[in-house]
Amino acid sequence: MKGINVLEAFILIFVLVSVVVVPFAIFRIDEYIVSSKYPENAQIITLYGISKGGIWTTERVTVFNYWWKKFKHAEEIPIYDDGTPIIFRVTSTDVIHSFSIPLFRVGPYEIKPGQFTVIEVKTERRMRSTKYLCYQYCDEDHEKMQGRLVVME
Ligand SMILES: [Cu+2]
């Protein structure tokens, strides 16, 4: 039996690089671009809306894990009221949602699938905790699309 020749080895390496390294690199570049866009000390909170089950999650949703992963609903999101900018990047994985933090006078903002809506949030001094929610009927689990922001000291 003959071993792998140079061309086969080259093709094998090429396929491995394409399948493993390129997606990983894109992931890292994306993270880098996101973090370089905002002030260094900013609190960046990325939220993905999923209409099935009525979920807002801070876990990264991709075209791959969307189909099998059980995403954790962001019941409580801690934010730090220390003067650093609070930036929400909100997107949808399916239908058009709407994002609002009524008592902080934020939104409603239309949240379209496949694009991030960037929202800078200012806390209200007196409120240590407040509700955030989807502001328009999106699907049968719409009512579940809410959680709380908890302002930490
Ligand atoms: Cu909704």
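**Strand β4 and the nonpolar core**

Strand β4, which spans residues 86-92, presents a covered face made up of Ile86, Phe88, Val90 and Ser92, and an uncovered face made up of Ile87, Arg89 and Thr91. Strands here are DSSP runs of E of at least two residues, and helices are runs of H or I of at least four, numbered from the N terminus. The model is a predicted one, in which local features need pLDDT of at least 70 and side-chain atom pairs count only at pLDDT 80 or more, while totals for chains, interfaces and linings use all residues. Residues are numbered from 1 along each chain as its sequence is written.

Two strands are taken to pair if DSSP finds at least two bridges between them. Strand β1 (residues 43-50) runs parallel to β4 and is joined to it by seven bridges, with Thr91 of β4 as the bridge partner of Tyr48. Strand β7 (residues 117-121) pairs with β4 in the antiparallel sense over five bridges, and Val118 of β7 is the bridge partner of Arg89.

The largest nonpolar core (a set of buried Ala, Val, Leu, Ile, Met, Phe, Trp, Tyr and Cys residues joined through C-beta atoms within 7 Å; buried meaning that 20 or more other C-beta atoms lie within 10 Å of a residue's own, with C-beta atoms placed from the backbone) has 17 residues, and those with the most contacts inside it are Leu47, Val90, Phe99, Leu133 and Cys134. At least two residues of this core come from each of β1, β2 (55-57), β4, β5 (97-101) and β8 (129-134).

Notes
A residue is buried if 20 or more other C-beta atoms lie within 10 Å of its own, exposed if 12 or fewer, and partly exposed in between; C-beta atoms are placed from the backbone.
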